[in-house]
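This briefing introduces the structure shown below to a reader who has not met it before. Please keep the sequence and the model at hand while reading.

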Amino acid sequence: MELFGESEHTSSTFGKWSASIEPSFSFPLRNTATTLTLTQNSKGFGELGSRLWDGGIVLARYIEKLGPVVFEGRKVIELGAGCGLTSLVALLQGADVVATDKASLLGLLSHNLEANVSSQEVKSRFHTAELLWGTGNPFGAAFDIILGADLTYDFEDLPVLVSTLVDLSSETSAIFIAYGKERAAAPTFLELAAQHFELHHVNDAELDPGDVKVPSFDISIVRLVKKVVQIGS
């Protein structure tokens, strides 16, 4: 079964980012006795989203820290969900989750759900969907919480990423974006986002990068809140 979008990318250059990657990643939850074990891509070719990246790991731990008080009963969507770690952690905090990515990675998301969740009630709160950025909101109503990690590396994608965040959110939505501080495109993302959202940077002391086994970047998390449109302004 193809899980990693192998037919999408077959270049040997993908070996550079998979050389130190294990075929599975373990993430012990601290507020329960559960350890998530996620299949990821160590082949050296396939979609970049088919492996765990630093931002997703740090964001997942931050989601757990926020816990059910923030996530229980909330409608949550993740952009670029990849292996599904952050979506699964949000699910286990009580959220109703839509994990989105390219169609070629939806099988990986479903595989990791089945491998880690046995409760049918919990599974019923987890959905996968293809989402093409810049095409509006195919889900109807705005989401309570929007998650995204390691999305800000490609300058060309930034305008449609921001427009998608606008389309999926309301003035009461909370958006959490984890990104590498050293990423060249990160400042541009923040500038574009600031046109539509108030930016609140999470204090680095609140973040725990200890689960990242081979660090590539220092990770920051920014919380975005949509600006209120003033009638007549």
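The points below concern the nonpolar cores, a pair of strands and one helix residue.

The model is predicted: local features need pLDDT of at least 70, side-chain atom pairs count only at pLDDT 80 or more, and totals for chains, interfaces and linings use all residues. Residues are numbered from 1 along each chain as its sequence is written, and side-chain values use heavy atoms, leaving out hydrogens and water.

**Nonpolar cores**
- The largest nonpolar core (a set of buried Ala, Val, Leu, Ile, Met, Phe, Trp, Tyr and Cys residues joined through side-chain atoms within 4.5 Å) comprises 43 residues.
- Buried denotes under 20% relative accessible area, exposed over 50%, and partly exposed in between, with a 1.4 Å probe and protein chains only.
- Phe27, Leu85, Leu147 and Ile221 have the most contacts inside the largest core.
- Helix H2 (residues 54–66) contributes the most to this core, namely six residues; helices (H or I, at least four residues) and strands (E, at least two) are DSSP runs numbered from the N terminus.
- A second, separate core has 24 residues, including Ile77, Leu168, Ile177 and Phe189.

**Strands S1 and S2**
- Strand S1 (residues 24–28) pairs with S2 in the antiparallel sense over five bridges; pairing requires at least two DSSP bridges between two strands.
- Phe25 has Leu38 in S2 as its bridge partner, and a hairpin of six residues joins S1 to S2.
- On S2 (residues 35–39), Leu36 and Leu38 form the covered face, whereas Thr35, Thr37 and Thr39 form the uncovered one.

**Thr164**
- Thr164 lies in helix H7 (residues 158–168) and is buried, at a relative accessible area of 0%.
- Apart from neighbours within four places in sequence, Thr164 contacts Leu79, Leu131, Trp133 and Gly134, where contact means heavy atoms within 4.5 Å.
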